[in-house]
Amino acid sequence: MVALHVTDLSKRYRRDAEAFTALDKVSFSIQPGELVALTGPSGSGKSTLLNIIAGYDQADGGSVVVNGFDVTRAKPAEMDALRTRTVGFIFQQFHLVPGLNALENVELALLNTGLSKAERRARATESLRRVGLAEHSARRPALLSGGQQQRVAVARALAAKPSVVLADEPTAALDRANAESLMDQLAALARESGMAALVSTHDQRCLDRVDRVIRLENGALS
Ligand SMILES: Nc1ncnc2c1ncn2[C@@H]1O[C@H](COP(=O)(O)OP(=O)(O)OP(=O)(O)O)[C@@H](O)[C@H]1O
Ligand SMILES: [Mg+2]
């Protein structure tokens, strides 16, 4: 089965009196195990596209099918379940909860998965270990470097073992070594677990490490 299938996806925003087309009939597919970069100039629609795929925003036309499930026609409760178990999202600014330590931040993402508390702890611990942060699991975000915080965010996105991971400029706040290591981790996960990944980026270090690049210009694939 195709991991992610996007067909004729359109999004218009109202700007003053005019309608502005942010996405113009965008269509593409990603196979399980593929690591794909989404690139294009600022304002070309990358974040809009990722947010619609994750169900954070709604399309005006077209469809998004994740693992055979039509996101564009999902009810809010179904969308929550999909976000928890099927789609992982990595944000540019990490979005960690400041009052929780690294382990608790990752566990939080597993709350609605039906896993027991012990299973959630085990999963979160394993996910932090994978990104090389096992020894920092009791630290709060403020006591971690930017690269370490982003790794916690990656562990959180991957803890539920999603079939698709979306990342919006995940390396923008990272130095070279951390950016390369993040992309290498995503590539390894895609290879080993069959996870599909779509990563928006302007960053050549990322583009060098992916299987395929898709490019948006003015809301359309170019
Ligand atoms: N809520 C909104 N209301 C109106 N216009 C919006 C809204 N969100 C985004 N846009 C517009 O849609 C276009 C696409 O924005 P988007 O954030 O998807 O671009 P992007 O490719 O992610 O850019 P960047 O590389 O700067 O992050 C932009 O012209 C933006 O101004
Ligand atoms: Mg963006």
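A residue is called exposed here if 12 or fewer other C-beta atoms lie within 10 Å of its own, buried if 20 or more do, and partly exposed in between. In this predicted model, D16 has 5 C-beta neighbours inside 10 Å and therefore counts as exposed, and the same cut-offs place H95, with 13 such neighbours, among the partly exposed residues. Taken over the whole chain of 222 residues, the buried class makes up 42%.

The overall form of the chain can be described before its parts. Its secondary structure comes to seven helices and ten strands. The radius of gyration is 17 Å, close to the 17 Å that the globule rule gives for 222 residues, so the chain is as compact as a globular protein of that length. Along the principal axes, the C-alpha atoms fill a box of roughly 50 × 40 × 35 Å. Among the contacts with a separation of 6 or more, 70% are between residues that stand 24 or more positions apart in the chain.

The N-terminal strands offer a starting point for a walk through the model. Strand β1 (4-15) and strand β2 (18-30) are separated by a loop that holds D16, and the two strands pair in the antiparallel sense over nine bridges. Within this pairing, R14 has A19 in β2 as its bridge partner. The hairpin has two residues between its strands, and D16 takes a positive phi near 50° there, although D16 is not a glycine. Strand β1 also pairs with strand β4 (residues 61-66), again in the antiparallel sense, over five bridges, and here the bridge partner of T7 is S63 in β4.

A second group of strands forms an open sheet of six, in the order β6-β7-β8-β3-β9-β10, with mixed pairing. At its edges stand β6 (87-90) and β10 (220-221), each with a single partner strand, so that one side of each is left without a neighbour in the sheet. Further in, strand β3 (residues 35-39) runs parallel to strand β8 (residues 196-200), and four bridges join them; in this pair V36 stands opposite L198 of β8. In a regular strand the side chains alternate between the two faces of the sheet.

Helices lie across this sheet. Helix α5 (residues 146-158) lies across β6 and β7 (164-168) and runs at about 170° to β6, while helix α6 (residues 176-193) lies across β3 and β8 and runs at about 155° to β8. The loop that follows β6 and leads to α3 (102-108) contains H95, a residue other than glycine whose phi is nevertheless positive, near 55°.

The interior can be followed through the nonpolar core. The largest such core has 62 residues, of which V106, A155, V165, L166 and A197 touch the most other members. For A155, when residues up to four places away in sequence are not counted, the residues touched are V106, S127, L128, R130, V131 and L133. V106 thus appears both as a contact of A155 and as one of the core residues that touch the most other members.

Notes
Residues are numbered from 1 along each chain as its sequence is written. Chains are lettered from A and ligands numbered from 1 in the order in which they are written. This is a predicted model: local features need pLDDT of at least 70, side-chain atom pairs count only at pLDDT 80 or more; totals for chains, interfaces and linings use all residues. The radius of gyration is taken over C-alpha atoms; the globule rule is 2.2 Å times the number of residues to the power 0.38. Two residues are in contact if their C-beta atoms, placed from the backbone, lie within 7 Å. Two strands pair if DSSP finds at least two bridges between them. Axes are lines fitted to C-alpha atoms, for helices over the stretch in contact, and angles run from 0 to 180 degrees between N-to-C directions. A nonpolar core is a set of buried Ala, Val, Leu, Ile, Met, Phe, Trp, Tyr and Cys residues joined through C-beta atoms within 7 Å.
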